[in-house]
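Good morning, colleagues. Please take a moment to look over the sequence and the structure before I take you through them.

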Amino acid sequence: MHRQLYEKLRAEILAGHLKADTRLPPTRMMAEDLGVSRNTVITTYDALLAEGYLESRSGSGTWVATLPADAVTARNSVGRAGAPSLSSRGMRMAAQPRDRTIPDRIAFHPGYPEIKAFPFSTWARLLKRHARYSHEDLYGYHWVTGHPRLKAAIAEYLRASRGVECAPEQVIVVNGTQAALDILARMLVDEGDICWMEEPGYIGAQNSLLSAGAKLVPLPVERDGWSLEDETRPSPRLIFVTPSCQWPLGCLMRMEDRLRLLQIGERHDAWIVEDDYDSEYRFRGRPVPAMQGLDKSGRVIYMGTFAKTLFPSLRIGFIVVPPQLADGFKRVVSNTGHYPSLLLQAALADFISEGYFATHLRRMRRLYAERQKVFVALCRRHLADWLTIDENDAGMQLVARFTRALEDEVLWRAAQGQGVNFSPLSRQFFHSPPQQGAILGYAGIDPKTMREGINSLRSAFLALESSGALPLDRATAAPRGC
């Protein structure tokens, strides 16, 4: 109680509301007015006296002390002109857009996995194993690039399932995809460097590269694939691609384009960052091997995440770097603190090595394939007046195109009012005129929730029609991309 009173009086003094030479009530009167004990008030006054906020005057009580003028005005001028500003990098980072989930609005946020089907009892047992009976040093600053057993498990998994050529020493375990992108931008990009960025492309990669001072040059992705050959495009320092399941269109980069991209990287002496964010979810045939396995010159840097295969709040991702970069990345990860809990890493190592990860992936692959069919059928049945949507061979989300002239941000705001969240397609364009559409995630919602969400989305369309914001005549849909 005395601490609360102390904080309140101190704040009033620093804010200038209790001015210098203001006499405070006697301790007995203050205690009666507040309904607290006199000892509480005495303790508060003593603390403020000791710190110089109050002063005791013999025979006349306790008074607010005279403080330096800037001690009071500084509290009132926070955020005003004259306060320190952010750095150039800080301002660039703060200015970047973000695309986030909203509590109680999972439908239809893209990239969100099915959480309820995760084997939490198994996960809890593995965590308990290491939390209670750990014979490893999991509670210090060791292994900043990742727990050795997890690095080995990731390397083995990537070799077997993704065709990635790597040793455990090349695996860098980090706090998720954005941490990986932040580290890569710091390590590989200088102010003013040219970076080729897929258009449309992943907004998180755009933010990290722009924050590092890169100049982004669009690498267009169309229905027929990536537009790689363009003599007018300046020489890049880095090329960012999602070849196994292009974000957000879901395209698969053909083998001839992968080989051509590797040649381009060699010709320009550029780094190629391969983001393999959800390639595990291919529903027809086997997942296509990663481009990194084709690289013979050591310029492809591969990154992945467990946010899509397990659950987002796990915050564990990884980077596979060429051997010559491993030591430098170790130092950077140590300096930035971008490494997750070793306790979680030890449990995840067991989850992979004991076969639970592979089993969970197989279950989710079947589940997501079924859900995609149901989702597409529901959209075609209830939303065909406003959008078109097709099945895809991979991924956790689909792109819907509008049949009428409509800005996706307008629909997004209307959908928010109906309790539905999705990602506007236009946000994924950085240079060319944005295409309009909706990126709809279906993986993390059961059929019942799908129907409810689609009905809510239908209500949003109808509300836009009734308000005149959506024309009643059907227009030619925008190009579908891949």
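Which residue follows helix 14, and what is the sign of its phi? The residue is G419, and its phi is positive, near 80°. I should say at the outset that this is a predicted model.

Let me stay with helix 14. The helix spans residues 408-417, and its buried residues are D408, L411, A414, A415 and Q416. These residues pack against three strands, namely strand 12 (397-402), strand 13 (423-424) and strand 14 (437-441), and against helix 15 (447-467).

A comparable description can be given for helix 2. In helix 2, residues 27-34, the buried positions are T27, M30 and A31. Viewed down the helix axis, these buried residues fall within an arc of 100°, so they line one face of helix 2. The face turned away from that buried side carries R28, E32 and D33, which are exposed. Helix 3 (38-50) is included in what covers the buried residues of helix 2. Just after helix 2 comes G35, with a positive phi of about 75°.

As to annotation, an unreviewed UniProt entry places the feature "domain: HTH gntR-type" at residues 1-67. In the model, that span is 51% helix and 12% strand, and its end C-alpha atoms lie 26 Å apart.

I turn now to the sheet. Eight strands form an open sheet in the order 3-10-9-8-7-4-5-6, and the pairing is mixed. Why do strand 3 and strand 6 each have one side without a neighbour in the sheet? Strand 3 (171-174) and strand 6 (225-226) stand at the edges and have a single partner strand each, so one side of each is left without a neighbour there. In general, the strands of a sheet pair through backbone hydrogen bonds, in either the parallel or the antiparallel sense. Here, strand 7 (residues 238-241) and strand 8 (residues 271-275) pair in the parallel sense over four bridges. For L238, the bridge partner in strand 8 is W271.

Next, the aromatic residues. Over the whole structure, a search finds 19 aromatic pairs. In one of these, the ring centres of Y281 and Y368 are 4.8 Å apart and the planes are at 65°; the angle is over 60 degrees, so the pair is edge-to-face. Y281 lies in the loop between strand 8 and strand 9 (300-305), while Y368 belongs to helix 13 (residues 356-382), so the pair ties together parts that are 87 residues apart in sequence. Y281 counts as buried at 0% relative accessibility, and Y368 is buried with a relative accessible area of 1%.

The rings of W386 and F461 have their planes at 5° and their centres 5.1 Å apart, so this pair is stacked. W386 sits in the loop between helix 13 and strand 11 (387-388), and F461 sits in helix 15, so parts that are 75 residues apart in sequence are tied together by the pair. Both partners count as buried: W386 at 3% relative accessibility, and F461 at 0%. Elsewhere, one aromatic cluster is formed by F118, F120, W123, F311, F351 and Y356.

Finally, I note two arginine residues that sit over rings. R57 lies over the face of W63, at 4.5 Å from the ring centre. The charged end of R233 is placed over the ring of W196, 4.9 Å from its centre.

Thank you for your attention.

Note on methods:
Residues numbered from 1 in each chain as written. Predicted model: local features only at pLDDT ≥ 70, side-chain atom pairs only at ≥ 80, totals over all residues. Heavy atoms only, no water. UniProt positions renumbered as here; feature names shortened; annotations may be inferred. Helix = DSSP H or I, 4+ residues; strand = E, 2+ residues; numbered from the N terminus. Pairing = 2+ DSSP bridges. Buried < 20%, exposed > 50% of the residue type's maximum accessible area, 1.4 Å probe, protein only. Contact = heavy atoms within 4.5 Å. Phe/Tyr/Trp six-rings, centres within 6.5 Å; stacked < 30°, edge-to-face > 60°. Lys NZ or Arg CZ within 6 Å of the ring centre and 35° of its normal. Arc of directions from axis to C-beta.
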